[in-house]
Amino acid sequence: MARDRFTLDFDPDCGDSDLTDARHDIVIGRWQGLRELLRATGPDWLSRGHRVRLLAQACASSSTAESWLAAEPHSGDALVLRAATETARAFNLAIAAGRGVPIDQQRIDTAVLACLQAADAYLDDPTPWISLISVARLYPSGVRRQELARWWDELHRRDPFSVEGHLQILHYYSSRWHGTHGLMYDFARDAAGVAPPGCALPVLVQYARVEEYRYALDAAQGRQSAVGLAEHWSNDGAVSDVRRTWHRWFADRPRGVAPGELRDLNYLTHAACHAGLPDIAGPLLRVQGTLATRTPWSYTGDPEKQIVRWRKELRL
């Protein structure tokens, strides 16, 4: 009977109620709540990166970040948020333009400059470097290898186990942007190999598998050949990757994840379900509970229907 009452919550803030309160302030153009939130977050880079990324998405269609910066032009937090907001705006333009259509390079340059200014203002913060690596993808030919390496070194020196930072490099190296499947997987596996026990970096391999799947879907253009992608999740390599990530990241760590890790958990849960590994999928779905993120489930169907189906099959 309890299972009948199970309802999924696709909370965009991943259960971070303080972030939700601050995002409500953006709707009314009030920036003070953002300042208090980031001040309270401090150098918790996982929470800070999660909060800045989602605040920036909300600020992209408003002038709240600019209002804060006008009131406090020397605030490191305000400059970091403005950089992430400019990055979000550039990506919004790219999405609106459509795949493969370049956007005004001046908009990309504006975001890059904002990231560099933020990095100078908050020297210890890895977040502006994450934004910088992210927006670099939007240049039609990417950026010079030496420049990307320098930005990566700056990020890695500040937060060597940042999943979000590694993820931006992974996207950059993917076939959908400026690399290849092989380069992307090599990067993901190298990062996973040096991650300490309990670190989420091994899940980068699951992110890479989703990237490859999306690339294949785009290439298939809806043709029947896409049906052959079913084994993408359940071949021997995919199954081994899921088990490896489970043991390196999750098997021995205390149960529960921070809001900034919920998306990572969903990527591993999705992979375990589609790989046909109930011994891993069950515990992960229990940890996930009612909170879920729409990606990567949305790439393989309706997110809610898939999660509910797997829970029923595993009798959770």
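Student: Which helices do the buried residues of α6 pack against?

Tutor: In this predicted model, the buried residues of α6 pack against α5 (76-97) and α7 (127-136).

Student: Which residues of α6 are buried?

Tutor: Buried means under 20% relative accessible area. In α6 the buried residues are I108, A111, V112, A114, C115, A118 and A119. Looking down the axis of α6, you find these buried residues within an arc of 160°, so they line one face of the helix.

Student: What does the face turned away from the buried side carry?

Tutor: That face of α6 carries the exposed residues Q106 and D120. Q106 also has a partner at the start of the helix: a side-chain oxygen of D104 comes to within 3.0 Å of the backbone nitrogen of Q106.

Student: How do I check the span of a helix such as α6?

Tutor: Take 1.5 Å times one less than the number of residues. Helix α6 has 17 residues (105-121), so it should span 24 Å, and its end C-alpha atoms are indeed 24 Å apart. Try α11 (204-220) in the same way: its 17 residues should span 24 Å, which agrees with the 24 Å between its end C-alpha atoms.

Student: What do the buried residues of α11 pack against?

Tutor: They pack against α9 (163-173), α10 (181-194), α12 (236-250) and α13 (262-274). Among these buried residues are L204, Y207, R209, E211 and A220.

Student: How should I read a phi value or a peptide bond?

Tutor: Most residues other than glycine have a negative phi, and most peptide bonds are trans. Look for the exceptions. Just after α11, Q221 has a positive phi of about 50°. C14, in the segment before α1 (17-27), has a positive phi of about 60° although it is not a glycine. R315, in the segment after α15, is not a glycine either, and its phi is positive at about 55°.

Student: Are C14 and R315 buried or exposed?

Tutor: C14 counts as buried, at 10% relative accessibility. R315 is exposed, with a relative accessible area of 71%.

Student: Where is the cis peptide bond?

Tutor: It joins T295 and P296, with omega about 5°. P296 sits in the loop between α14 (278-288) and α15 (303-313).

Student: What lines the second largest pocket?

Tutor: This pocket, with a volume of about 360 Å³, is lined by 20 residues, and L46, S162, V163, E164 and G260 lie nearest its centre. Two or more lining residues come from each of α3 (45-59), α7, α9 and α13. Helix α3 gives the most, with five residues.

Terms used
Residues are numbered from 1 along each chain as its sequence is written. This is a predicted model: local features need pLDDT of at least 70, side-chain atom pairs count only at pLDDT 80 or more; totals for chains, interfaces and linings use all residues. Side-chain values use heavy atoms; hydrogens and water are left out. Helices (H or I, at least four residues) and strands (E, at least two) are DSSP runs, numbered from the N terminus. Buried means under 20% relative accessible area, exposed over 50%, partly exposed in between (1.4 Å probe, protein chains only). The arc is that of the directions from the helix axis to the C-beta atoms. Contact means heavy atoms within 4.5 Å. A polar contact is a pair of N or O atoms within 3.5 Å; within protein, one must be able to donate a hydrogen and the other to accept it, and residues adjacent in sequence count only if both atoms are side-chain atoms. On a 1 Å grid over the protein atoms alone, a cavity is a set of points where a 1.4 Å probe fits but cannot get out, and a pocket is an open set with protein on both sides within 12 Å along at least five of seven lines; lining residues have an atom within 4 Å of a point. Grid points are joined across faces, edges and corners, and a volume is the space filled by probe spheres set on the points.
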